[in-house]
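Student: I should like to learn how the descriptive terms applied to a protein model are justified. Could each term be set against its definition?

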Amino acid sequence: MPRKINVFDSSAFIAGLNPSTLEGKSYSTPQVLSELKDIRSSSYAESSLEAGLLTIIDPGETLMETVNEKVEKEDLSMLSEADKSVIALALKFKEEGAEVTVYSDDQTIQSVCLKLGLNWKGIRRPGIQKPFKWRFKCPACKRKFREKLSYCPVCGAELKPVRTGYPAR
């Protein structure tokens with residue numbers, strides 16, 4: 001039976017999720033801890049660390065590069081370094097044969113997890129059902145494109161990925 005691993009995004013601490021309520025070992029990253037700015041969420045993280053309920057692991061450059069290679073460009077542009085570190089850590093444990101669950105209310109993380117075959121759970125919200133669908137919008141002339149282009153064929157401005165309404169069906 002594979003070991004159970006929980007990987008926490010900053011939203012898990014912000015929501016006050018307690019690792020002692022979960023089965024398996026809980027992990028997060030230094031990048032996530034650096035995102036915690038308010039006293040309440042950083043206190044949750046610190047008390048979990050002190051109680052031995054949480055372990056912090058830096059996924060390292062190699063795993064971060066793996067995320068940059070596996071995740072679509074439009075998703076990458078919406079992820080912070082902390083978000084990427086959570087996905088990298090989850091992929092590491094999955095590759096080691098563990099049963100991994102990412103705890104996050106961040107819908108972009110949820111979408112990427114779905115695309116990469118990672119389990120996830122929302123904390124305060126149920127979360128998404130399907131991965132996000134992206135379009136590309138020109139910030140200069142406001143035209144929208146379905147195909148993945150880097151620059152607007154009309155005015156030459158760099159296109160920005162935009163999530164269209166609800167996730168893809």
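The dialogue below takes up aromatic pairs, a helix, salt bridges, a charged residue and a sheet.

Tutor: Please note that this is a predicted model, in which local features need pLDDT of at least 70 and side-chain atom pairs count only at pLDDT 80 or more, while totals for chains, interfaces and linings use all residues. Residues are numbered from 1 along each chain as its sequence is written, and side-chain values use heavy atoms, with hydrogens and water left out.

Student: Why is the pair of Phe8 and Phe13 called tilted?

Tutor: Rings of Phe, Tyr and Trp (its six-membered ring) pair if their centres lie within 6.5 Å; planes under 30 degrees apart count as stacked, over 60 as edge-to-face and the rest as tilted. By this rule there are three aromatic pairs. The ring centres of Phe8 and Phe13 are 5.4 Å apart and their planes stand at 50°, so this pair is tilted. Phe8, Phe13 and Tyr103 together form one aromatic cluster.

Student: How do you know whether Phe8 and Phe13 are buried or exposed?

Tutor: Buried means under 20% relative accessible area, exposed over 50%, and partly exposed in between (1.4 Å probe, protein chains only). Phe8 has a relative accessible area of 0% and is therefore buried. Phe13, with a value of 0%, is buried as well.

Student: What makes Tyr27 and Phe93 an aromatic pair?

Tutor: Their centre-to-centre distance is 4.7 Å, and with 40° between the planes the pair is tilted. Tyr27 lies in strand S2 (residues 25–28) and Phe93 in helix H6 (residues 81–95), 66 residues apart, so the pair links distant parts of the chain. Helices (H or I, at least four residues) and strands (E, at least two) are DSSP runs, numbered from the N terminus. Tyr27 has a relative accessibility of 7% and so counts as buried. Phe93 is buried too, because its relative accessible area is 2%.

Student: How do you know that the length of H6 agrees with its expected span?

Tutor: The expected span of a helix is 1.5 Å times one less than its number of residues. For the 15 residues of H6 this gives 21 Å; the end C-alpha atoms are 21 Å apart, so the two agree. Gly97, which follows H6, has a positive phi, near 95°.

Student: What makes H6 mostly covered?

Tutor: Of its 15 residues, 11 are buried. Among them are Ala82, Val86, Ile87, Leu89 and Phe93.

Student: Why is the contact between Glu99 and Lys4 called a salt bridge?

Tutor: A salt bridge is a side-chain nitrogen of Lys or Arg within 4 Å of a carboxyl oxygen of Asp or Glu. The side chains of Glu99 and Lys4 meet at 3.2 Å, N to O, so the pair satisfies the rule. Glu99 is in strand S4 and Lys4 in strand S1 (residues 4–8), 95 residues apart, and the pair links distant parts of the chain. Glu99, at 32% relative accessibility, counts as partly exposed, and Lys4 is partly exposed at 26%. A search of the whole structure finds five salt bridges.

Student: Which salt bridge joins two residues of H6, and how are they placed?

Tutor: The side chains of Lys84 and Glu81 meet at 3.1 Å, N to O. Both residues lie in H6, three residues apart, about one turn of the helix. Lys84, at 11% relative accessibility, counts as buried, whereas Glu81 is partly exposed at 46%.

Student: What makes Arg3, Lys92 and Glu96 one network?

Tutor: Lys92 and Glu96 meet in a salt bridge of 2.7 Å, N to O. Salt bridges that share partners join Arg3, Lys92 and Glu96.

Student: How do you know that Asp105 has no salt bridge?

Tutor: Lys and Arg count as positive and Asp and Glu as negative; His and the chain ends are not counted. The nearest side chain of opposite charge to the buried Asp105 is Arg125, 4.7 Å away, so the 4 Å limit is not met. Asp105 is found in the loop between strand S4 (99–103) and helix H7 (107–116).

Student: Why are S7 and S8 called edge strands?

Tutor: Two strands pair if DSSP finds at least two bridges between them. The open sheet of three strands has the order S7-S6-S8, with antiparallel pairing. Strand S7 (144–145) and strand S8 (160–163) each pair on one side only. Four bridges join strand S6 (residues 134–137) to S8, so the rule for pairing is met.
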